[in-house]
Amino acid sequence: SLVSAGVSSLEINGSLVQVSFDKKALAEIQKQSTDNISIAIAPKANLSDAAKKIIATRPVYDITVGYGSGKSVSSFGAGIATVSIPYTLGKKEAVGGLYAVYVDTKGNAARIAGSAYDANSGCVIFTTTHFSQYGIGYTAPTAKFTDTSTHWAKESIDYVVGRGLMSGNSE
């Protein structure tokens, strides 16, 4: 009905996670589903060792778009969904070290490129073309560098290291 009505996007503000779909994602959901759809967002507790290593005790959710009797939409085709996961920084966590993590069906965990923590909304935000398990990971930016603690560019260095754009090198 939304696609037929010409809706350009749909935003769902849940207490756990906020999700928005663009027009192409809505059209793809309509194309794949044969019944009313349901969007489920459930906390995930049992993680693989690989996922625990990156996510630790931070939130992780299983997000699905389902329809019919246990069927689910596999991807959003050319469309995207934007996901915002609320998070309060830990005492020793730096904003630049937070990012979103994708956990696949085999339990492998990978950092989502382009994801970031938005201090204004207090959320880790990322885009995706499909739903799965998503959580929040953290890499202490300065842990890799011993010579930047008093450097004038420390915050910038932390920012790029926290996003995986630099990993450093030997001496």
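**Figure 1. The cover over helix 1.** Strand 1 (9-13), strand 2 (18-22), strand 3 and strand 4 are among the elements that cover the buried residues of helix 1. The model shown here, as in every view below, is a predicted one. Helix 1 spans residues 23-32, and the residues to look for on its buried side are Ala25, Leu26, Glu28, Ile29 and Gln32. Looking down the helix axis, these buried residues fall within an arc of 160°, so they line one face of helix 1. Turn to the other side of the helix and you meet Lys24 and Lys31, which are exposed.

**Figure 2. The whole chain, for orientation.** Before going further in, here is the overall picture. The chain has 3 helices and 11 strands, and along the sequence they come in the order β-β-α-β-α-β-β-β-β-β-β-β-β-α. Along the principal axes, the C-alpha atoms fill a box of roughly 60 × 35 × 30 Å. Of the 171 residues, 36% are buried. Among contacts with a separation of 6 or more, 66% link residues 24 or more positions apart.

**Figure 3. Strand 4 and its partners.** How much of strand 4 is buried? In this strand, residues 60-67, 6 of the 8 residues are buried, so strand 4 is largely enclosed by the rest of the structure. Strand 3 (residues 37-43) runs antiparallel to strand 4, and 7 bridges join the two. A handy landmark in this pairing is Ile41, which stands opposite Ile63 of strand 4. Strand 4 is also joined to strand 11 (residues 133-138), again antiparallel, by 3 bridges. Here Tyr61 has Tyr134 of strand 11 as its bridge partner.

**Figure 4. The hairpin of strands 4 and 5.** Strand 5 is made up of residues 71-72 and pairs with strand 4 in the antiparallel sense over 2 bridges. Within this pairing, Gly66 stands opposite Ser72 of strand 5. The two strands form a hairpin with 3 residues between them. If you are checking backbone torsions, stop at Gly68 in the turn, where phi is positive at about 60°.

**Figure 5. Strand 7 against strand 11.** Strand 7 covers residues 98-103, and 5 of its 6 residues are buried, so this strand is largely enclosed by the rest of the structure. Strand 7 and strand 11 run antiparallel and are joined by 6 bridges. Tyr102 has Tyr134 of strand 11 as its bridge partner. You may recall Tyr134 from the strand 4 view, where it is the bridge partner of Tyr61.

**Figure 6. The hairpin of strands 7 and 8.** Which residue of strand 8 is the bridge partner of Val103? That partner is Ala109. Strand 8, residues 109-111, pairs with strand 7 in the antiparallel sense over 3 bridges. The hairpin formed by strand 7 and strand 8 has 5 residues between the strands. Its turn holds Gly107, with a positive phi of about 90°.

**Figure 7. Surface and charge.** To finish, a look at the outside of the chain. Its accessible surface comes to about 10,000 Å², and 50% of that belongs to carbon and sulfur atoms. The chain carries 15 positive and 13 negative side chains, and the centres of these two sets lie 4 Å apart.

Terms used. Residues numbered from 1 in each chain as written. Predicted model: local features only at pLDDT ≥ 70, side-chain atom pairs only at ≥ 80, totals over all residues. Heavy atoms only, no water. Helix = DSSP H or I, 4+ residues; strand = E, 2+ residues; numbered from the N terminus. Buried < 20%, exposed > 50% of the residue type's maximum accessible area, 1.4 Å probe, protein only. Contact = heavy atoms within 4.5 Å. Areas by Shrake-Rupley, 256 points an atom, 1.4 Å probe, with all protein chains shown as cover. Lys, Arg positive; Asp, Glu negative; His and termini not counted. Charge placed at Lys NZ, Arg CZ, Asp CG, Glu CD. Pairing = 2+ DSSP bridges. Arc of directions from axis to C-beta.
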